[in-house]
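User: I have a structure open and want to know how its labels are earned. Can you take me through some of the reasoning?

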Amino acid sequence: MPKYVGQRIKRTEDPRLIQGLGHYVDDIKLPDTLHVAFLRSMYAHARITSIDVSEASHAPGVVAVYTGKDVAAKVGPVPCAAALPDLKVPDYRVLATNHVVFVGQPIAVVVATDRYAARDAIDLIMIDYEELPVVVNVEEAAKGGPLVYEEYGDNIAYKLTAGEGDIEAALKASDRVVSQRIVHQRLAPIAMEGRGVLARYFPGEQELTVWSSTQIPHLLRTQLALMIGMPENKLRVITPEVGGGFGSKLNVYAEEALLGWISIQLGKPVKWIETRRENMQATIHGRGQVGYVEIGCNNDGTLTGLRYNVFADLGAYHQLLTPAIPTLTGLMLSGSYKIPAIQINVTGVFTNKMATDAYRGAGRPEATYVVERAVDLVAAELGMDPVDVRRKNFPAPDEFPFKTATGLFYDSGDYEAALNKALAMADYKNLREEQKKAREQGRLIGIGLSTYVEICALGPSQAMPAGGWESATVRIEPTGSVTILTGASPHGQGQETSFAQIAADELGVDLNAITVIHGDTAIVQYGIGTFGSRATAVGGTAVFIAIEKLKEKATNIAAHMLKTDASNIVFKEGRFTKQAAKAASAGAGAKPEPEPDVPVGEAPAGALPEPDTGGNSVTIQDVALAAHIARDIPPGSEPGLSATYFFEPTNFTFPFGTHIAVVEVDRETGDIKFLRYVAVDDCGKVINPMLVDGQVQGGIVQALGQAMYEEIVYDEQGQLVTGTLMDYAVPKASMIPWMELDRTETPSPVNPLGVKGVGEAGTIGATPAIVNAIVDALSPFGIRHLDMPVRPEAVWRIISAQA
C-alpha cells in the first residue's frame, strides 16, 4: 500500500519559503556586480529621431550606456516559437532602434555601480520622438485604423480557421441559434515576485551564467545561446526561487539576452530587478480576445453546432508563444459536450500594446468561458434548467477516448459523476427553491454552473514547438539518500514534495531522505519546463519510470549479493528479499557463483562501510552502496545506482469538473456577495490532496479576479492607465469566498501514474461559474449577458435603470 502517495503531506519546500530562507535572484550577491536600468518608451507609437546619451554616460557611477544601434547587430531578436501559416513576425529587437510600438518598450540601458545611479542616469538621456497614430482597440485595428507596421499594409498578423463538421449546415438545421459577443479583457499575471536577471561572464573560461526567474531554464539557455551567439554548452541558466509565474515567466525576454551580452562586454556581473511598473508595462499580458459565438440547438436542448469568430489582441510584438495562444482556445471549444460541428475563425491582430502570451490556462479559460456562457444562453432561450442542458450533451463514460469536432481525443472522463457530486454538495434542488423564495422577497440571488474540461500535460512533442517530453534522473547515493534531478522546473506548484512522495513509495525510503533538484542547466540533464499542468503528468511520470529502471538494475545487484537469480528476488518497502521456496530450490540446484579474485587492501580511515550481504535480504541502501563500491557487482554491470528517463507522452490529458457559485447582488450598491462556492474537480490520480486543494483554491481566486475586478486598460493614446497595483484591482482576502472542495478520481490512461494535472482547473472552471451566477441574479431584469469584469458600478447601473 502506498505510504505517501495520496496523503496530505505538507510541502517540504514551504519552511524555507515561509521563513524567508529561500533565495531569489536579487538575493544572490556577487562581488563587483553592476546594476542595470532601462529607459522605456513613453509613447505607444512613435518614430525615434535622435538619442543623446552623452550626459548620462558621464553621470556619477555610470559605467556604460547602450542604445539599440549599439546592440542591434550583436544580439538577436526576441524569439517567437509559434509557427502558423502566413504569420507576420515583426523584427523585435532587445532595444528599439528607430521605431517604438508600445509604452514600456526598452530603448536604452544604463549600467552603473548601483541601481540608483543607473536609474538617475536614465533621466539624463535625451530622446526626440515623432508621435505616430495609435491603435489600441482590437476590432478597430482589425478593420484597418492606424497601422502598427506600415510595411505590412494592415494590422492582421494571421488568420486561421479550424474545426470539423459542416457548421453552416449544422446551424441552418438547428431549431434555434443563439448569438453573443463575448469579451475576455486583458489581464496582468501579477506574479508575487517580478522578473529578475543576473548575468556573470568568466572571460578565461568563456562561460556565461544567467540567473533568471524563469519557468523554462533549459529552453531559455537554448534561446540565449542563439540570441547572443555563443555555444550552448558554455552557457548556464540557474533558476533560484521564482516567486510565481502563472505563465508570464514561460518566455524569453529582451532583458535576459541583453544582460548576458552586457556581462560579456564588461567582464563583470550585471543585475536587473524588475519594478512593479515595469512588470505591468513590459511583462506579457494574458487573455485579450473579443469574439462572437453562435451556438445551435434543438428544442430538447441538444447542441448541434458552434462557431466562434474571434479577434485576438496580440499586442505590438510576438513573444515566445503569442500567436499560438488563441489556437488553444479553438482546440477546447467543444468543452464537456458532444457538439458535432465546430468552427473557430481566429484573426490575430497587432495593436500598440504589450504582447499577450500564456497566462494561467493560456487560451483554455477563454474557450471554457465561451462554451459555458453559450450553454447558459441556450438554457435561457429554451427555458430549461442549465443543469439539464449540460447533462443532455455530456459524452457517456464508455465513449472515451472521446473525439471532439476540434480534433482532440479526450482521454477519460465521467462528467456526470462530477456534476452529480457538486449538485449534491450544493443541495441544488433546495438552492433553486430558496432562490425562488428570495426573489419573491425582492432579493437578487444567482446560481451559476460551469462544467469544464481542460487540456493538460502539454504534451506530445509533435504538438509542441520545442518538444513535449520531460526528463528525470533518480540516483541513490552511496550513503543511501536519494537524489531526483527533474527537467520540470516547478515554481510554487510543490513538485519537490509530490515527486519525493512518488519516489519514497516506489523505493521504500523515508520521504526526508529524498532531495529534488531542478532549475539548473549545469546539473539537470535537460528539460522542457513547468507550464500547462505538465510537471507531474509528464515530469512525474519520467521520475516514476526512471525509478522502475533503477529498481531493475538494483534487483540484479541484490540477486548477486544474495547469490540467487533475479527472478527469485522480491522488492518490498525498500528491501530486496530472496523468496523462501525458490531460495531453497536455488540453494539445492544452483551452482555457487565464484568469488571474485581481486586484491583487497585494508580499509583506510573514512572508507565507506561494507554493504550488508548476509542473510536472505538486503536493503536498497545496501544495494546502492555495493553498486558504488563496485567490488562485487554482477559481471558486466555498470557501477553506481542511477537511472535516467525521457518520457514522451502519447496524448494530452483532460481534467474536468463542475463548479457552482451562489451569489447575492445588493440592490442598493450593486455589490456582489458570495453565498456558496462549491467545486468538484477530477484531475485523475491524486498524489497529494493538499497540493491539489491549493492549486484549485489559487485558481479560483484568479478566476474571481477576472470575473469581477481585474482589467488592463490603455487609453486611446496607448498609455497604460492601470500601471500600478493602486490602479489594477486584484482580489484581497476579504473578497474571497469560503470554498467547498471535493473531487472525483478518473485515472488517465496516458501515463502510468494516472495523473492529469490541476494547475489551471480553478481558473478555467470558476470564471464562467461566477459570471453565470451574476447573470442569473440579474435575469429578472432581462439580463442575458454581462462583460467581465462585472464590477458593482455596472451592476448598480442595471438595477438603477430598471428602478
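Analyst: Start with one rule. A charge sits over a ring if NZ of Lys or CZ of Arg is within 6 Å of the ring centre and within 35 degrees of the ring normal. Bear in mind that this is a predicted model.

User: What makes R534 count as sitting over the ring of F531?

Analyst: The charged end of R534 is 5.3 Å from the centre of the F531 ring. The limit is within 6 Å. R534 therefore meets the distance test, and the pair is listed as a charge over a ring. R195 is listed too: R195 lies over the face of Y253, 3.7 Å from the ring centre.

User: Where is R534, and is R534 buried or exposed?

Analyst: R534 lies in the loop between β21 (514–517) and α16 (535–561). Its relative accessibility is 1%. Buried means under 20%, so R534 is buried. R534 touches several residues beyond its sequence neighbours, among them W469, E470 and I528.

User: Why are Y152 and F350 called stacked?

Analyst: The whole structure has 21 aromatic pairs. In the pair of Y152 and F350, the centres are 6.0 Å apart and the planes differ by 15°. Pairing needs centres within 6.5 Å, and stacking needs planes under 30 degrees apart. Both tests are passed, so the pair is stacked. Y152 lies in the loop between α5 (138–143) and β7 (156–162), and F350 in strand β15 (residues 342–350), so the pair ties together parts 198 residues apart in sequence.

User: How do you know whether Y152 and F350 are buried or exposed?

Analyst: Compare each value with the cut-offs. F350 has a relative accessible area of 0%, so F350 is buried. Y152 has 24%. Partly exposed runs between 20% and 50%, so Y152 is partly exposed.

User: What makes F652 and F654 edge-to-face?

Analyst: Their ring centres are 6.4 Å apart, and their planes meet at 80°. Edge-to-face needs over 60, so the label fits. F652 is buried at 10%, and F654 is buried at 0%. F652 and F654 belong to one aromatic cluster, which includes Y337, F394 and F656.

User: What lines the second largest pocket?

Analyst: The second largest pocket has a volume of about 640 Å³. Its lining has 26 residues, with F38, L39, R119, I122 and E278 nearest the centre. β1 gives the most, with 6 residues. By class, the lining has 14 nonpolar, 6 polar and 6 charged residues.

Definitions and conventions
Residues numbered from 1 in each chain as written. Predicted model: local features only at pLDDT ≥ 70, side-chain atom pairs only at ≥ 80, totals over all residues. Heavy atoms only, no water. Helix = DSSP H or I, 4+ residues; strand = E, 2+ residues; numbered from the N terminus. Buried < 20%, exposed > 50% of the residue type's maximum accessible area, 1.4 Å probe, protein only. Contact = heavy atoms within 4.5 Å. 1 Å grid on protein atoms, 1.4 Å probe; cavity = no way out; pocket = protein on both sides within 12 Å on 5 of 7 lines; lining within 4 Å. Points joined across faces, edges and corners; volume = space filled by probe spheres on them. Nonpolar A, V, L, I, M, F, W, Y, C, P; charged D, E, K, R; others polar. Lists of a residue's contacts leave out its neighbours within four places in sequence.
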